Each structure stands twice: as C-alpha cells, then as structure tokens.
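Work through the exercises below with the sequence and the 3D structure in view. Try each task before reading its solution.

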Amino acid sequence: MHRIIRAIIWMLLFSLAGMAQAGNTLPSVPTLTRVQASTPTQPAGALHDIGAYPTQIAGPTMTPLAGGKVLVFGFDPIGYGVRDEGGRPAVTLRNRWKQGYGYGFRVNSAWTPLVWKPERKGWTKIPPLPDCAGARYLHTATALPNGNVLIAGGLCDVQVFENTGGLSAGGYTSLWLWDSTSENWETAPPLNDPRIFHSATLMQDGSVLFVGGESDPALSAADEPVLDSVERYDGKSVTRLPSLHVARARHTATLLANGTVLVAGGMDRDGHAIDAVELWDPLLRTWSALPPLNTARYAHTAALLDDGRVMVAGGIGPDGRALNSVEFWDPATSRWSIGSPLPRAASHHAMVKLPDGNVLLVGGTSAFSPYPVDWALLWNLFTGDWRPAGTAQPDEQNDLVYPPTLVPSNDGSVLVFGTRRILRWQSSAAMQSSGQPTWRSATAMIALADGDLMVIGETDLNKWTANIWHPRDDTWTFAGGLAYQGRSHTRAVLLQTGQVMHVGLGGYNDIVCELSDIEHRHWTDCGHFSLEHLADSPVGLGVLPSGKVALVANAADAFLYDPHANQWNAEHLEWNNQDMAYGAPVRAGQHPLARLWDSEHDAWLDVSSIAAEYWSATFGHYGYEVVIDGHVRKVASRGAPPSLLWDASRQQWAYVFPPGSTKMGGQAQMLPDGCALSWLPLKLFNPDTGDATALNDPGIGIEASQGSMLVLADGTAVFTGAPDGGVGTGFFRRKVSCAGFAPAQEDQWLMPAVFSPSPNAIHDTVAAPAPPAKAVPPRSRASLLWDYLQANPWPLRAVLGVLLLYVLLRYLFLPAVRYTAGRSISRRRAATLTRPLPRPYAWVTRIVIYGLLALAVVPALKGFVHFHRGQAVEECKHDASACLDPHTGILQSIPALEQASPDHPQPGIPCRFVGIWSSREGALAFRITMKDDGTYAVQPNAGGIGDPAGYTGYWMVQGDSVVWRDRARPELGPDINPVISQSDGRFVLLEQDGRRTQFDLIKPVVSDRCKKQGG
C-alpha cells in the first residue's frame, strides 16, 4: 500500500515538473525588471600610463640596459613584420614591388634611434646606422654582458627600393654593435646568411646563437625562403654551426638552466605552421629532435618557469587563425602537456615570467575592435589558470598590431613598451594598498569640502561606482555603487547640505539623479524624469546661491531642484546669445547669457555660468543665431558651438570665442592665478595678455573626448576617463598655473615624451628664431636739414643771390679803388669816391634790396618751420611722448578737432583710459591695451576678421575726443572719435561712419605716472 502511495506521489511530482517545463516554452511577457548580471571576474592587475615616445615609432626593437636605459632601434615602414597578407607572413618593400603592389615610402627623421636616460628623465637621439639611416626592420637586438647591443639580421631595403625602383640587391648580413658608454656604432663580422624572423639567444658564455629565420625574399625564387642554418657570434667572429633538422622561421628559442636551447614550432617555406621541436646542446654541438608540439604554431611565445618547465602560448595554427591553447614541456619527462587555455586567442604578443613565478602575457590582439579587450592576461603558478589583468581599446588599426616589449622589475611590476604609449603593469595585490580604480568610460568629478576628490565612473561593464581620492597621501576610498546604467554625459555637484548629486542621461531624453551618503557609502534616488527635447551631450549643472540646483539639459529644457523638498520643477529657460560678443575676452552688455524662471518666487535667476557649461560641451544639436557685422546669422544644427568661460571671481567672461575658433577648447576651467586651462585642445589662456598658448602633453594618457577635467583649489588639474588607447587607469594629476604645467614629481617610473640632449646626441633641427627687429631711432636734425635742402634748394639759392645782389648794388655806384704798381690815389680823391649817395637814391636802393631779400627769406623761413614740424612728426613716430608736446602743433591744425574742441586744450593721456579694454562693435570684439606712454595695441579678432597681425599705434585725448594714429599706416592720419558716453569701466566712441564702439574694462594697467597723479 505504501509503495502504491509513493508511486502516485512520484507520478504527481513528475507531472508537475513536466507542466512547469512546458510552461517555460511559452512566450514570456517582457517586463521592465533588469536582470542582474553575474559579477565579472576581478582583474588580476591593471595597466598605468607612465609615458610615451617623443617621435613616431613602428615595430622597432626595444632593448633594456643596465641603469634603466632603453634602446629603441629600427622602424617597420609598412607594418608587415607582424601582419599576414593573403596567407604570406612576410611582405617586404622589395617583394611587395615585385608582386605589383607598388609602394612609395621615404626615410624620415622619425627613424632615428632613441635612448631613454633615467638620470635625465628624457630621451636622446643617437646616430643612425651608417648603412641604413635607421630604416632597418625585422632584425634582432641583443643586450650583451658588457653593455653593448648587437643588431643582427633584418632588412635594409628602403633606400635600395627608392634608388633602384625595387630591383633586387644583395642580402643584408652586416652586424653592428652599439656601445652604450660612448654611444657610437662599431662594426662586427657579418653573418653568413641574411635572415629575418630568426631568433637570437644570449648564451651562458656571452655568445649569441642565431637560429633559422627567412632569407631576403627578393634573393630567391621561392616566396618564403625559410632557413635551417645556425650561426654563432662570440664577440670576435661568426661561425657556422650544424643546421637544424627542420628549417623554420617565427619560432621560439628558450635558453634552459643547463645551457641548452629549446627551439619550438615555427613556419615552413610554404607559410604553414610546424610542430617540430629541437634541442641544441652547446657542449656536444648537436641538435636533438624532441617530441612535437600538440598543436603546430608560429608567432607564439615561450617562457622558462621556475620549476624548469617551458610554457608555450598562443600563436597562429595550421588553419592560419590565432590560437588560445597553451602547452608545457617538462625536461624531466621530455613530454608536452596541455595547460589551461587563454581567455582569448593571441598571436604576435609578448610574455614574461614574473619574480613570483606567475606569467604575464600582453598583446596579441592585432584585429581592430571598438570595444575594450583584455590586453593583459596573468597565469597563476598555483592554480594554473589565466585571469584578465588589464584592458585596452585601440584608437587606430595599428595601435596594438606590434608585440610590446616587457621588462619586469624587482617589485613585481612590468614596464610595457607599446606602439604609442609606455605602461606599467601592477598586480591587483600591489594595487590594493592604494585602492586606485580603473575606469572604462567617461567620469564625473567633484571636489569635496575637505579637499578630497570624488570620481564617479564606470569601473566595470554597466557598473558605476564612486571613489574618493585623498591627495594628502594619494590613497583611494570606495564611496558606494550607483544605480545609474548610462554610458556617458554625467555631471556632479556638491550641495550646501554636504551631499554629492550625480546627474546623468539614462537615454537620449531621460535624466537620472542620485544623491550620496558619503559616510555610509550609499546612494539614493533623487529623481527620474523625461525631457521634451533630445539631449545627447553633457548637461549644465550648478548650485545657485539659494541652495537650489539648476539643470540645463539642452537649449529648451531646464529644471530647478529643491533639496529640502527633494523635488525637480521644469522651468522656462531664456537665452540671450544674440548679445554675445564673439572674439571678446569680456562679455559686453548688461543681459545674462541665459536666465531661468523660478516659479516659486516669481523671479528670474541668472544661470549664465551653468548655461555656458552646457553650451561649450554641446555639439550644436540646435541651431542658434549670432550677430556679425550688424547682421543676424543663423548657425545650423550640428554647427560648432562657441567656447566661452565665466570667471566667477571677477563676475565677467574670461573669453568668448566664435564657432570654429581653435583659440581655446570647450569646457575650460579657471586656475587660481586667473588663467584658464582647456583640454581639447590643450591650451592656456592668460586674461592679462589675451594670449592662448598651446601646452605640451605632460603624459595625460586619457582620451579628451571620453574624459573629464577638474581644477582643484590648489591649482591641481585632475584628468579622469577612458585611457588613451583604452589602456591604463585613466587618472592623471599635475599642478598648472599661468606658467604652464609644473614639473613632474620625482617618480622613477615616469617616462615623458621629451628630449634630453646630451653632448653626443643628434638634436632636432629647429629653425633659429629670427633676430628681433632693431628699433629705428629718430633721425637727427642735421640729417633732416640736409634732406630738406637737397629736396628744396631754392631757398638757400635765393638768400645767397639776394646777398650777392646787395653787394653789387651797394658798390655799383662806388668807383673802384685801383691799385697800380707804385701809384695810389690821394686821400681826398678817395673820400670823394666813397661819399654816400644822395638821400632819394639811398632809400630807393634800400627798398629794392630789402624787398628782394624779404621775398627770398620769408619762403625760406616757412620751409624751416615745415622742417621743424617734420622733425616733431618724426619724433612722434618713435616716441609717443613727443606727440603730446604742446609746442609741436600737430593736433591744433586738424579742423575736425578744432570743431570738436573750440578751446584747443592741450592733448593728454587721462589715467581713466589706461588699461586693457574689450572693444566691441556689434558682435565683433577686439582686445586693446592702452598704456600710459601713449601707445596702444589691438590683438587680432578671434574670428579671423581684420588684420591677422593686429594693430599698434598711438593714442591721446584732446577735449572730448580720443585721437588714434596707426603706427603701420601713418599716412592715413589721425582717427578722431568723439566720446559720447563714459562711466567707470566703460566708454563709447562715435566712429566717422556713425557707428558706435563700446569699450569695457578688462583690467587696469599698473602705471607709475598715474600713481603719482593719484589715479
């Protein structure tokens, strides 16, 4: 009976299970519930960006040397040293030409070898090889025990290709030694066979063993002439050794503890992977065949483990695809065993054993992918498993194509020399002490009240967390996870309550808001609402003096948040961009850029700085209007927005630059000393001078379009976001001032992309700066008088002529006193002859003589007056103070000025006009500096309108008018502009064509003269 009952129960249970299974086959109803994804595997390490190269590199060998030096040599001109094309592994310039592809490439200075010198914290250039000009590729570089580097094999066919049009030439067999002490090249005995894709193994006795490889493809009828030859360089000569049993290239050669060399895998002459393995015994000078690999492969890696085993990983298999399989060769059993596979396939990668016995694999992902990939993998000695240890996302096709060079350090970290960047790998255990996170996407940052910095970002796939950086000890604290699941466009602000608000776009029209409880590492919801218009760019977010939060989501949607009521209200947003003065460092006008209606208090709120934050970051999804030359012009949708920056400390605009201007980038921020820093492009704007200076990248290593920048109160600029190339932690900080980036702190790992010349280095060719133009002194009076007499000789001739005529007339009626030999006239006769003329005749004579003299002298005196005036004008051209001389009369003779100033006051330079001004006419604005010496300088308009070099000249005020004279065009004469209105920090001039120009004071200029005058 009991058995029957149990059977019935089991039958019912099976029936219910079948019904449940059948129910699962029915179409499910979609819900809004998000399925929680499984927790991703914690990375075993991370990559930190520590530097770059000062020039372009591609496929060189990077050789670490004693003392931290690194030699970078060679250049792969077309990138086929590692990539396959049509199943043929090696494509060189010559056989590319032979196959009919055609290729043009020229040697350039980027191929100059480089040396990193840690004591100088910079790179130096060394002379290239005499026979290759640095354009050697597919070679090997081996660091010798004496500090030299042996360069062997490779191709040097770039110049041959250019000079002969691709014709074949003899194979390249030269060996070269680079002396790291003298930094000179030394010749060595040549190889017997030209070879590429070979192996070079440093033996225990200091010799170098060259095994296999390919010959120069241009020297053989075969497409891939693979070699079985073996050679040895002992420091004095090159000798042939017994050949391999199987010819191969792209294999691995591993030096074992007993001095033997294990050669595994490779590719044959047909381009197929092979599984043959051989062992070289240097004492017996013989090759022994070993059991083959389980999987044939080439372009793989091998590493000697602490227990004596050899790990072989990845490569390209028989079918031409990358492998993820791993094998171990055990010298005790002389057998191959299968290991845990790689998480992904890898070829053309690098692998190194770490001091703790683990193995790090980096690279091997030559295929371009728009998504981050696990670029670094770590094998654990105890578990035998592989774990992701660092991500990368290439920006270009060739970013990850070349295998990196790995240099392990004693502290367990590894230097990774990539194609564009230099990275430092650290294990997760080493990073736990600081807790520094790694971000996958753009981040939001906010400075906290205690000086710390909160960084919010996507630290894992769809996992957003907050972390607090403590700059005092450079440590991190976890601050909780967020429910936000967006991808970008987030902002954060610090409320007056001490909470941090994080706002992001949950889609194209959804706003998600969260508030932090820093103490309990918890985030709570503070609103989730939809917009009426599209929003796919960063929003503008800021705290108002009342404590409310203003949100500008796009050109139409804006909201106010009341922290006490925890409520958002949609409000009306009004723009006034038509009054924006493009090109001006200061915004002229009384109206705000944007204002928001506060319906609770029935008042308008100025949200210009918040609106500017949105406007500078947007991509121009909505059209807007600008005023240029007095005409309203429509900027279409997707047009570039203007870059503008509000200076909160001065309550004015630091700058407003027109659309398309590259003078400063969007989303710039003010520095404590008054300058402004922008990231894209990396520039520094000085409001005092109006100059925007491009800055050298100090090694930020973060993609600007995918990151955020924040300037802290002490002037430290912090950059966070997706790392450049997807590699690294995406966190960089450095102090910045008007002088630029501060020098980097002493960090033994930093390798900036800067040159540090040495006596033996080849310096960059830089054009010598043009010598400054010498000031032309005013000409002397004697020089001007001589020029005047040469140009006007008649006054002098007239004066001399009249004087001569006077003498002739004066003595015309006087008889000449004749002297003859031995005879003389009597004294009475002489008195008779010298008797004056009668009075009527004398007056007539004087009238005639003096009248003629006046006719000649008066024009001459008038000419000298012009000469004196010319001298004054000449002095005024070179000395502004001479223009103010009241005795020159330069200004008194201007009729227009006499009409404007009937009393003829003396010209002067009032101190109220001395300063740096924003000169605006319509929507065009200029920056003008008016000095107390009577000179002025106008900077070029940022929109490219007007003279690209700007203007300089002289200014003065006479009566109610400002008088200008252009230095470069003095022939135009003075430009007279009546002052129609003036107040503190502003005056308006009337132009000759009736238009008005408004001047707004940017900053007063310190003037000793004005100080003495008391203002």
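Helices and strands are here DSSP runs, numbered from the N terminus, with at least four residues for a helix and at least two for a strand. On that basis the protein chain has 12 helices and 63 strands. The model is a predicted one.

**Exercise 1. Confidence**

Find the mean pLDDT of the protein chain, and state which stretches should be read with caution.

Solution. Start with the whole chain: its mean pLDDT is 75, and 66% of the residues reach 70 or more. Next, look at single stretches. Over residues 160-168 the pLDDT stays under 50, and the model gives this stretch 18 contacts beyond four places in sequence. Residues 889-904 also have a pLDDT below 50, with 28 contacts beyond near neighbours in sequence. Where pLDDT is low, the predicted coordinates should not be read in detail.

**Exercise 2. The chain as a whole**

Determine what share of the residues is buried, and what share of the accessible surface belongs to carbon and sulfur atoms.

Solution. A residue counts as buried under 20% relative accessible area. By this cut-off, 49% of the 1015 residues are buried. The accessible surface comes to about 49,600 Å², and 55% of that belongs to carbon and sulfur atoms. For the contacts, take those with a separation of 6 or more: 52% of them join residues 24 or more positions apart.

**Exercise 3. Strand E28 and its partners**

Which strands pair with E28, and in what sense?

Solution. Step one: locate strand E28 at residues 421-427, where 6 of its 7 residues are buried. Step two: strand E1 (residues 45-52) pairs with E28 in the antiparallel sense over 7 bridges; here Gly45 has Ser427 as its bridge partner. Step three: strand E27 (residues 414-417) is also antiparallel to E28, over 4 bridges, and Val414 is bridged to Trp425. Step four: count the residues between E27 and E28. There are 3, and the two strands form a hairpin.

**Exercise 4. An open sheet**

Give the strand order of the sheet that contains E54, and name its edge strands.

Solution. The order is E52-E53-E54-E55, an open sheet of 4 strands with antiparallel pairing. An edge strand pairs on one side only, which here applies to E52 (702-711) and E55 (740-741). E55 pairs with E54 (residues 731-737) over 2 bridges, and Phe741 in E55 stands opposite Val736.

**Exercise 5. Helix H5**

Is helix H5 largely enclosed or largely open?

Solution. Count the buried residues: they are 8 of the 10 in H5 (residues 608-617), so the helix is largely enclosed by the rest of the structure. Among them are Ile610, Tyr614 and Trp615.

**Exercise 6. Aromatic rings**

Classify the pair Phe913 and Trp955, and say which parts of the chain the pair ties together.

Solution. The whole structure has 23 aromatic pairs. In this one the ring centres are 6.3 Å apart and the planes of Phe913 and Trp955 lie at 55°, so the pair is tilted. Phe913 is in the loop between helix H11 (895-900) and strand E56 (915-921), and Trp955 is in strand E59 (residues 951-958), so the pair ties together parts 42 residues apart in sequence. Both Phe913 and Trp955 are buried. They belong to one aromatic cluster, whose members include Trp917, Tyr936 and Phe999.

Methods:
Residues numbered from 1 in each chain as written. Predicted model: local features only at pLDDT ≥ 70, side-chain atom pairs only at ≥ 80, totals over all residues. Heavy atoms only, no water. pLDDT = per-residue confidence, 0-100. Contact = heavy atoms within 4.5 Å. Pairing = 2+ DSSP bridges. Buried < 20%, exposed > 50% of the residue type's maximum accessible area, 1.4 Å probe, protein only. Areas by Shrake-Rupley, 256 points an atom, 1.4 Å probe, with all protein chains shown as cover. Phe/Tyr/Trp six-rings, centres within 6.5 Å; stacked < 30°, edge-to-face > 60°.
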